[in-house]
Amino acid sequence: MAPDGVAVVKPGQTYVGKQGFTYGAGASSETVGAQKVCMNVLPMPAGAVAKAHYHKGIETIAFMLEGECAVYYGENLEKRVPVRQGEQCFVAADVPHAPRNESGKPCTWLVVHSSGSDQDGIVMLPELDAKLVQRLGATMRCADVL
């Protein structure tokens, strides 16, 4: 924690999020006592897809540090936007989304949320996982949904 208002988060700390990935822990309520903002590192192996979810009342900005990834979003994950190295992807509060690494190579995101923890306000949408698998068919096995 940051009892005097300043703290450094050293690399190597990790945690598993509800979205199905192992994150590199960054500044958050869990590590430094942050209340209104957090930042974590999200490495995604090739072929990985996050569990469909949204962040209730919480905005997200994700910067692609390395590689590229598609973000499926919308009421039924019917929309898709590619995000490449050096680009930022903004996801408004309450928008369902599921990043999917379709590039064939690992990618790494730097993710910022307008809350002290990226696990705050997460609403899981398993019915959208099934819809995405059904729509993408042969290009996505059920086991790919983490």
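**A tour from the cavity outward**

About 190 Å³ of space lies in the largest cavity, and since this is a predicted model, that volume belongs to predicted coordinates. The structure holds one cavity of 30 Å³ or more. To bring its wall into view, select L42, T60, H97, P99 and V111, which lie nearest the centre of the largest cavity among the 17 residues that line it. Next, colour β4 (53-55), β5, β8, β9 (97-100) and β10, the elements that each give two or more residues to this lining. Within that group β10 gives the most, with three residues. If you then colour the lining of the largest cavity by class, you should find 10 nonpolar, six polar and one charged residues.

From the cavity, turn to the nonpolar packing. Select F21, L42, M44 and W109, the residues with the most contacts inside the largest nonpolar core, which has 16 residues. Showing β3 (38-44), β5 (60-66), β6 (68-73), β8 (88-91) and β10 (107-113) will then place this core on its strands, as each of them supplies at least two of its residues. The largest share of this core, three residues, comes from β10, the strand that also gives the most to the lining of the largest cavity. L42 is likewise worth keeping selected, being listed both for its contacts inside the core and for its position by the cavity centre.

Now centre the view on W109 and display what surrounds it. Leaving aside residues up to four places away in sequence, W109 touches N40, V41, L42, M44, A62, F63, M64, L65, C69, V71, V83 and C89. A second, separate core can be selected after this, and it has 11 residues, including Y54, A70, L125 and L136.

For a contrast with these interiors, go to P11, in the segment before β1 (14-16). Is P11 buried or exposed? P11 counts as exposed because its relative accessible area is 80%, where the cut-off is over 50%. Draw a distance from P11 to G24, and you will find their C-alpha atoms separated by 7.3 Å, although the two residues stand 13 residues apart along the chain.

Finish by colouring the chain by pLDDT, which averages 91, with 94% of the residues scoring at least 70. The stretch to select here is residues 141-146, where the pLDDT is below 50, although this stretch has 13 contacts in the model beyond near neighbours in sequence. Where pLDDT is low, predicted coordinates should not be read in detail.

Key: Residues numbered from 1 in each chain as written. Predicted model: local features only at pLDDT ≥ 70, side-chain atom pairs only at ≥ 80, totals over all residues. Heavy atoms only, no water. Core = buried A, V, L, I, M, F, W, Y, C linked by side-chain atoms within 4.5 Å. Buried < 20%, exposed > 50% of the residue type's maximum accessible area, 1.4 Å probe, protein only. Helix = DSSP H or I, 4+ residues; strand = E, 2+ residues; numbered from the N terminus. Contact = heavy atoms within 4.5 Å. 1 Å grid on protein atoms, 1.4 Å probe; cavity = no way out; pocket = protein on both sides within 12 Å on 5 of 7 lines; lining within 4 Å. Points joined across faces, edges and corners; volume = space filled by probe spheres on them. Nonpolar A, V, L, I, M, F, W, Y, C, P; charged D, E, K, R; others polar. pLDDT = per-residue confidence, 0-100.
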